[in-house]
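Hi,

Here is the structure I said I would pass on. Have a look at it first, and my notes follow underneath.

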Amino acid sequence: MRIPNLFIVRPVALDGAFVDLWVVELSRSHRRSLLGRDDAAIIGGMSERTLAIIKPDAVERRLAGPIIHRIESSGFQIRAMRKVRLTKREAEGFYAVHRERPFFGSLTDFMSSGPAILLVLEAPGAIKKWRSLMGATDPAKAEAGTLRKEFAESIERNATHGSDAPETAAYEIGYFFAGIELV
């Protein structure tokens, strides 16, 4: 069985999830001649999207501006942004994957305790790049220069959230944003 060499021309949002459309098959020589670079450069340069949340603790302490500045200074494009106050039920739905964990109740109480800022970020390798900028969940273990080292108060009041995988990012973005809202 032959697996074709595919090049994704344009990712688009479809009902809140990202679907790669307009796929064309290119031979290795065509990719090199049309694009002037090899497969690794093509794949490495493709943009990815992730969900970021500036959590209620950071919004309450007026840290949204400095965090957004760091996001933009780090090369991310903000494709959507909204300030919300999650209900307990919305927080429980969003964090449903953690329902059986001992921290679920306190996490959803915290996430519904005040306004939060939801963002869709785009950059090559956005998920890994955003998680690196955020730092470890526990600010005591976060590296110097990360958002959580600088702004987090505790493991729960840790200023930011970020998707951990492409599938998670698609689900999380779709939970809060309709595809048409992503510019």
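Phe76 is a good place to start: with a relative accessible area of 3%, Phe76 counts as buried. Do keep in mind while reading that this is a predicted model.

What does Phe76 pair with? Its partner is Trp130, in an edge-to-face arrangement with 6.2 Å centre to centre and 90° between the planes. The two come from distant parts of the chain, 54 residues apart: Phe76 is in the loop between α4 and β4, while Trp130 belongs to helix α7. Trp130 is buried as well, at a relative accessible area of 0%. Phe76 has a charged neighbour too, since the charged end of Lys129 sits over its ring, 5.1 Å from the centre.

That brings us to the sheet. Four strands make up an open sheet, ordered β4-β5-β3-β6, with antiparallel pairing. At the edges are β4 (77-84) and β6 (160-162), each of which pairs on one side only. On average, neighbouring strands here are turned by 20° against each other, ignoring direction. If you want to check the pairing by eye, try β4 against β5 (residues 116-124): seven bridges join these antiparallel strands, and Gln77 stands opposite Glu122 of β5.

Now for α7 itself. This helix (residues 126-134) packs on the sheet and touches β3 (47-54), β5 and β6. Its direction makes about 35° with that of β3. Which residues of α7 are buried? They are Ala126, Ile127, Trp130, Leu133 and Met134. Looking down the axis of α7, the buried residues fall within an arc of 135°, so they line one face of the helix. Lys128 and Ser132, on the other side of α7, are exposed. The buried residues have plenty to pack against: β3, α4 (64-73), β5, α8 (147-151), β6 and α9 (166-176). Just after the helix, Gly135 takes a positive phi of about 90°.

Back to the aromatics for a moment. The count comes to six aromatic pairs. Besides the one above, there is an edge-to-face pair between Phe94 and Tyr95, at 4.8 Å centre to centre and 85° between the planes. Both Phe94 and Tyr95 are buried. Ring pairs also link Phe94, Tyr95, Tyr171, Tyr175 and Phe176 into a cluster.

Two backbone spots deserve a look. Most residues other than glycine have a negative phi. Arg62, though not a glycine, has a positive phi of about 60°, and Ala159 is another non-glycine with a positive value, near 75°. Are these two buried or exposed? Arg62, in the loop between α3 (56-60) and α4, counts as exposed at 72% relative accessibility. Ala159, in the loop between α8 and β6, is buried, with a relative accessible area of 0%.

One last thing, towards the end of the chain. Ile180 lies in the segment after α9. Its relative accessible area is 78%, and because the cut-off for exposed is over 50%, Ile180 counts as exposed. Ile180 and Ala80 are 100 residues apart in sequence, yet their C-alpha atoms are 10.0 Å apart in space.

Cheers

Conventions: Residues are numbered from 1 along each chain as its sequence is written. This is a predicted model: local features need pLDDT of at least 70, side-chain atom pairs count only at pLDDT 80 or more; totals for chains, interfaces and linings use all residues. Side-chain values use heavy atoms; hydrogens and water are left out. Two strands pair if DSSP finds at least two bridges between them. Axes are lines fitted to C-alpha atoms, for helices over the stretch in contact, and angles run from 0 to 180 degrees between N-to-C directions. Contact means heavy atoms within 4.5 Å. Buried means under 20% relative accessible area, exposed over 50%, partly exposed in between (1.4 Å probe, protein chains only). The arc is that of the directions from the helix axis to the C-beta atoms. Rings of Phe, Tyr and Trp (its six-membered ring) pair if their centres lie within 6.5 Å; planes under 30 degrees apart count as stacked, over 60 as edge-to-face and the rest as tilted. A charge sits over a ring if NZ of Lys or CZ of Arg is within 6 Å of the ring centre and within 35 degrees of the ring normal.
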